[in-house]
Amino acid sequence: MSLSGKVAFVTGAAQSQGRSHAVRLAAEGADVIAVDICEQIDVVPYRMGDDAGLAETVRQVEAHGHAIHAARCDVRDRDALHKVVEDGIARFGRLDVVVANASVCSVQPLEDVTPEIWNTTLDVNLTGVWNTCAVAIPHLVSGGGGNIVITGSTGSVVGLPFYLPYVASKHALIGISRTLALELADRNIRVNTILPTGVDTPQGHSSVLPALLDSRPDLRSIFVNSLPVERIDAEDVTNAMMFLISDAARYVTGVAFPVDAGATIR
């Protein structure tokens, strides 16, 4: 596909799926607006993206001959997010694709879910996605249409023990996607959600989960994919995103699109 002349906005772009999305969009011809918090959130147990990671995303995008407007920004801060998008559009002139990708997770039994863990997870994964959509939608409308792709999870449609706040936030994203798809259909904006299984990224590796499953072996099978792979690659999620924004999916909207190696059919 060609995205020549198009502009895409990607959150959580300093590493992992966000970087994969931004770089692939540039490889297919798009200029990119990219944000990442670029700092460690206290309740997040894995390494998050940082300034060096965002700089590497910039380098890889520019290596494809396309421009990128990258900024440190917390998706929980709607005013800051609005400014980044406005500045990016002032530079590039339009917006066509939105990839609401930024998220966090932690792994713990329900007894250990503190108010800080709950609120942080919901604020980033749910409110952050809504903030991303809210600041971008007026520009998609003014440009005559476009695409929004939201990063969900297998935890958007099934329960995942020890991931309670994460699952709550990811379930809610399907509601956002379906509702926006209905309201924006008359403005030629399609909205879809991707549901990956575990991805080979820092977020996709938990040092805590194996011990928790040792204590509850009856739950272990929930985390087993049907296809013989333990985790998928970020590129696999990017491939799905690229399909959903393409003309090949021009009549696809409001769907929850599994890229889950058969995890949710077990």
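These exercises, each with a worked solution, concern a predicted model.

**Exercise 1.** Find what span is expected for helix H4 and compare it with the distance between its end C-alpha atoms.

*Solution.* Helix H4 covers residues 115–142, which is 28 residues. The expected span is 1.5 Å times one less than the number of residues. For H4 this should give 40 Å. The end C-alpha atoms of H4 are 40 Å apart, so the two values agree.

**Exercise 2.** Locate the bend in H4 and describe what follows the helix.

*Solution.* H4 bends at Ala136, by about 35°. A proline, Pro138, comes within four residues after that point. Beyond the helix comes Gly144, with a positive phi near 95°.

**Exercise 3.** Work out the order of the strands in the open sheet of seven strands, and name its edges.

*Solution.* The order is S3-S2-S1-S4-S5-S6-S7, and the pairing is parallel. The edges are S3 (68–72) and S7 (256–259), since each pairs on one side only. From one strand to the next, the twist averages 15°. At the S7 edge, strand S6 (residues 189–196) is joined to S7 by four bridges, and the two run parallel. Pro196 stands opposite Val259 of S7.

**Exercise 4.** Describe the second largest pocket by its volume and lining.

*Solution.* Its volume is about 370 Å³. The lining consists of 19 residues, and those nearest the centre are Lys6, Gly146, Asn147, Ile245 and Asp247. Sorted by type, the lining holds five nonpolar, eight polar and six charged residues.

Note on methods
Residues numbered from 1 in each chain as written. Predicted model: local features only at pLDDT ≥ 70, side-chain atom pairs only at ≥ 80, totals over all residues. Heavy atoms only, no water. 1 Å grid on protein atoms, 1.4 Å probe; cavity = no way out; pocket = protein on both sides within 12 Å on 5 of 7 lines; lining within 4 Å. Points joined across faces, edges and corners; volume = space filled by probe spheres on them. Nonpolar A, V, L, I, M, F, W, Y, C, P; charged D, E, K, R; others polar. Bend = angle between axes of the 7 residues up to and from the residue. Pairing = 2+ DSSP bridges. Axes fitted to C-alpha atoms, helices over the stretch in contact; angles between N-to-C directions.
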